[in-house]
2 protein chains.
Amino acid sequence: MASETTEPTSAKASEDFGGLRMTKQRQVVYEVLADLSHDHPTASEVFVTAKERMPSISLATVYNCLETLTGSGAIRQVNIDREATRYCANLQPHAHFYCTDCDKVFDIGLERGADASSIWSLPPGCRVEEMHVAIRGVCGTCPKCRQDHAA
Amino acid sequence: MASETTEPTSAKASEDFGGLRMTKQRQVVYEVLADLSHDHPTASEVFVTAKERMPSISLATVYNCLETLTGSGAIRQVNIDREATRYCANLQPHAHFYCTDCDKVFDIGLERGADASSIWSLPPGCRVEEMHVAIRGVCGTCPKCRQDHAA
DNA sequence: ATTATTCTAAGAATCATTCTAAAAAGTGTC
DNA sequence: GACACTTTTTAGAATGATTCTTAGAATAAT
């Protein structure tokens, strides 16, 4: 697949994402997501913004790209209940807080030194691959909350 | 079931579930779920078993009942990614472990004394209503998983 | 007993997502 | 640069879990 002799050919941004081919569409989708990451956009929302930057792109392609990027570990899926899957370019371990009032999703970091899996009494022999923490609640004053997490 | 001493009107099992009317269908759905709770059945799976006990029941009614019971806090929803919602009669705080190998869902209890929400640095002023923890991995306990480990 | 309210049943509708088939783009080879 | 080959994109159809709708049944209130 990826022949790495010397690379005077086309610059391969693909190497950043586990050897997958970095097409223009994937680039656009990734950039849109990185830009909108705080909003945790759905596939449709990514599509809207991606289309502004590349009018020819299709929804199916956005789905394909999001799946490929997720598979390569470049982005993460966020599922809150059974609502449309949202996507997130934040790769740090974090939880998601869904405000039932303003309908927004916020990233919640770990307390320093905390280990999210150690509090669960997992049976011996089982191997954890992924952990998704979704917290529902009310964020209080929504504008304030948004400010607090804008960083 | 409900052994009230003096009750002029009809006995209300409803009082057990936050004042909602305990119809026969809701009763059946709840009992099915309590019986199958370890399996974390989907609505369709609940429907199959409920239909054995009450052949006239419809899928839409099972959905309605599950929603009502969830709303009253008698049962809980379990969502793993965007797969069909599963239901669970275990009301203790617990996480769900989804084995990607054997496709089963297990309840995972908290380590004693642990507090699931204290490890997250939640912004001040926000109120947590619910917390869903989904862990993906390989359970290593089922025959299939043990076989895969050996291989 | 009569009326009002809530619940159930069956099927249609919805909507996010996946699939399909064909065209397009990229890759490697001469 | 033209050729065969693989991967990706596109557009629309298909899928499947869930929700909606409407009429009729059951239950509660008057």
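How many nonpolar, polar and charged residues does the surface near DNA strand C have? The points below start there and then move on to one helix and two loops. Keep in mind that this is a predicted model.

1. **The surface near DNA strand C.** By class, this surface has four nonpolar, six polar and four charged residues. There are 14 residues around DNA strand C, and those that come nearest are A:Y63, A:T85, B:T23, B:S56 and B:T61.

2. **What part of the strand faces the protein.** Look at the atoms of DNA strand C within 4 Å of the protein. Sugar or phosphate accounts for 82% of them, and bases for the rest.

3. **Polar contacts with the strand.** Take A:T85: one of its polar backbone atoms is 2.7 Å from a phosphate oxygen of DNA strand C. B:S56 also uses its backbone, with an N or O atom 2.8 Å from a phosphate oxygen of the strand. B:Q25 uses its side chain instead. An N or O atom there is 3.4 Å from a sugar or linking oxygen of DNA strand C. Two elements give two or more residues to the surface near this strand: α1 (24–36) and α3 (59–71) of chain B.

4. **Helix α3 of chain A: its length.** This helix covers residues 59–71, which makes 13 residues. At 1.5 Å a residue, the helix should span 18 Å. Its end C-alpha atoms are 18 Å apart, so the model agrees with the expected value.

5. **Helix α3 of chain A: its two faces.** Which residues of α3(A) are buried? They are A:V62, A:C65, A:L66 and A:L69. Their arc around the axis is only 100 degrees, which puts them on the same side of α3(A). The spacing fits a general rule: an α-helix has 3.6 residues a turn, so residues three or four places apart point the same way. The buried residues pack against α1 (24–36), α2 (43–53) and β2 (86–88) of chain A. On the face turned away from the buried side sit the exposed residues A:E67 and A:G71. After the helix comes A:G73, with a positive phi near 85 degrees.

6. **Two residues to check in chain B.** Most residues other than glycine have a negative phi. B:H40 is not a glycine, yet its phi is positive, near 50 degrees. B:H40 lies in the loop between α1 and α2 (43–53) of chain B. Is B:H40 buried or exposed? Its relative accessibility is 1%, so B:H40 counts as buried; the cut-off is under 20%. B:D81 is not a glycine either, and its phi is positive at about 50 degrees. B:D81 lies in the loop between β1 (76–78) and β2 (86–88) of chain B.

Note on methods
Residues are numbered from 1 along each chain as its sequence is written. Chains are lettered from A and ligands numbered from 1 in the order in which they are written. This is a predicted model: local features need pLDDT of at least 70, side-chain atom pairs count only at pLDDT 80 or more; totals for chains, interfaces and linings use all residues. Side-chain values use heavy atoms; hydrogens and water are left out. Helices (H or I, at least four residues) and strands (E, at least two) are DSSP runs, numbered from the N terminus. The expected span of a helix is 1.5 Å times one less than its number of residues. Buried means under 20% relative accessible area, exposed over 50%, partly exposed in between (1.4 Å probe, protein chains only). The arc is that of the directions from the helix axis to the C-beta atoms. Contact means heavy atoms within 4.5 Å. A residue is near a molecule or strand if one of its heavy atoms lies within 4 Å of it. A polar contact is a pair of N or O atoms within 3.5 Å; within protein, one must be able to donate a hydrogen and the other to accept it, and residues adjacent in sequence count only if both atoms are side-chain atoms. Ala, Val, Leu, Ile, Met, Phe, Trp, Tyr, Cys and Pro count as nonpolar, Asp, Glu, Lys and Arg as charged, and the others, Gly among them, as polar.
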